[in-house]
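Student: Hey, got a minute to go through this model with me? I'd like to start with the basics.

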Amino acid sequence: EGGRDFERRRFLEAVESFQRIVSNFPGHARVAEAQYYLAESYFGMEEFVSAAFEYERVVDTYPSSQWRDDAQYKIGESYLEQSRRAELDQSETYEALNAYRRFIEDNVDSPLVVDARTRIGELRSRLAKKQFLASRLYHRQGHLRAARMAYEQLLAAYPLTSWYWHGLAQLGDIARVEGEIDEARGHWQEVLQGAEEEKLLDDVRQWVAELDLE
């Protein structure tokens, strides 16, 4: 019954069936499967907090089952779905990162490792954007020392994200404002050599041209 309801996307009814199996038949051969699909049903309902909890129960209670690896990966997916825009609190982003990293450590041969690494890249980019926005706020308010430190932290923590190049470009702007023309030119030349985003490249080319005119 639970499986039939799940296939029909009647997730609430599926939850009731799978929960009865888990609660009433803890020693049954299919209880691990029921636990996994209980979590999947919550995920299908977009109740991601409950889904993460139920996936964790698969990992903790049935570590030898065939459902364990997929459940551990879906813990990360559940936190990813809860992750908020870069401007907001990123607690769920960190939870997702930790979940994907644990998955990779525990399942080095899983084909899902490639997906987990991709997710980690996406989440790190979101954290990098948050750091960039905080840095830019200092910058716009004229707190150049604080902005420089914040941009440098961005570069140190997230070198493999596109936001690295945005931060480096803004460090060039701070250097220009402070009269460090060679430093500004060096930062911008590095951006032109390494960045791929056309809008950023156009902006930096314009800034370099303005330097040349000065």
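Tutor: Sure, one term before we start: a polar contact is a pair of N or O atoms within 3.5 Å; within protein, one must be able to donate a hydrogen and the other to accept it, and residues adjacent in sequence count only if both atoms are side-chain atoms. Also, this is a predicted model, where local features need pLDDT of at least 70, side-chain atom pairs count only at pLDDT 80 or more, and totals for chains, interfaces and linings use all residues. Residues are numbered from 1 along each chain as its sequence is written, and side-chain values use heavy atoms, with hydrogens and water left out.

Student: OK, what lies 3.1 Å from a polar atom of the Ser110 side chain?

Tutor: That's the backbone nitrogen of Leu112.

Student: And where is Ser110?

Tutor: Ser110 sits in the loop between helix H6 (91–106) and helix H7 (113–140). Helices here are DSSP runs (H or I, at least four residues), numbered from the N terminus.

Student: Is Ser110 buried or exposed?

Tutor: Ser110 counts as buried because its relative accessibility is 15%. Buried means under 20% relative accessible area, exposed over 50%, partly exposed in between (1.4 Å probe, protein chains only).

Student: New topic: Ser65. Which loop is that one in?

Tutor: The loop between H4 and H5. The Ser65 side chain reaches the backbone oxygen of Tyr62 at 3.0 Å. Leaving out residues up to four places away in sequence, Ser65 touches Ala32 and Val58; contact means heavy atoms within 4.5 Å.

Student: How far is Ser65 from Arg205 in space?

Tutor: 57 Å, C-alpha to C-alpha, with their positions 140 residues apart in sequence.

Student: Tell me about H4, then. Which of its residues are buried?

Tutor: Phe48, Ala51, Ala52, Glu54, Tyr55, Val58 and Val59. An α-helix has 3.6 residues a turn, so residues three or four places apart point the same way.

Student: What do the buried residues of H4 pack against?

Tutor: They pack against H2, H3 and helix H5 (68–82).

Student: Last one: Leu200. Which helix, and what does Leu200 touch?

Tutor: Leu200 lies in helix H11 (residues 198–213). Not counting residues up to four places away in sequence, Leu200 touches Trp165, His166, Ala169, Val191 and Ala195. Leu200 and Trp165 are 35 residues apart in sequence but 8.4 Å apart in space, C-alpha to C-alpha. Leu200 is buried too, since its relative accessible area is 5%.

How values were computed:
Helices (H or I, at least four residues) and strands (E, at least two) are DSSP runs, numbered from the N terminus.
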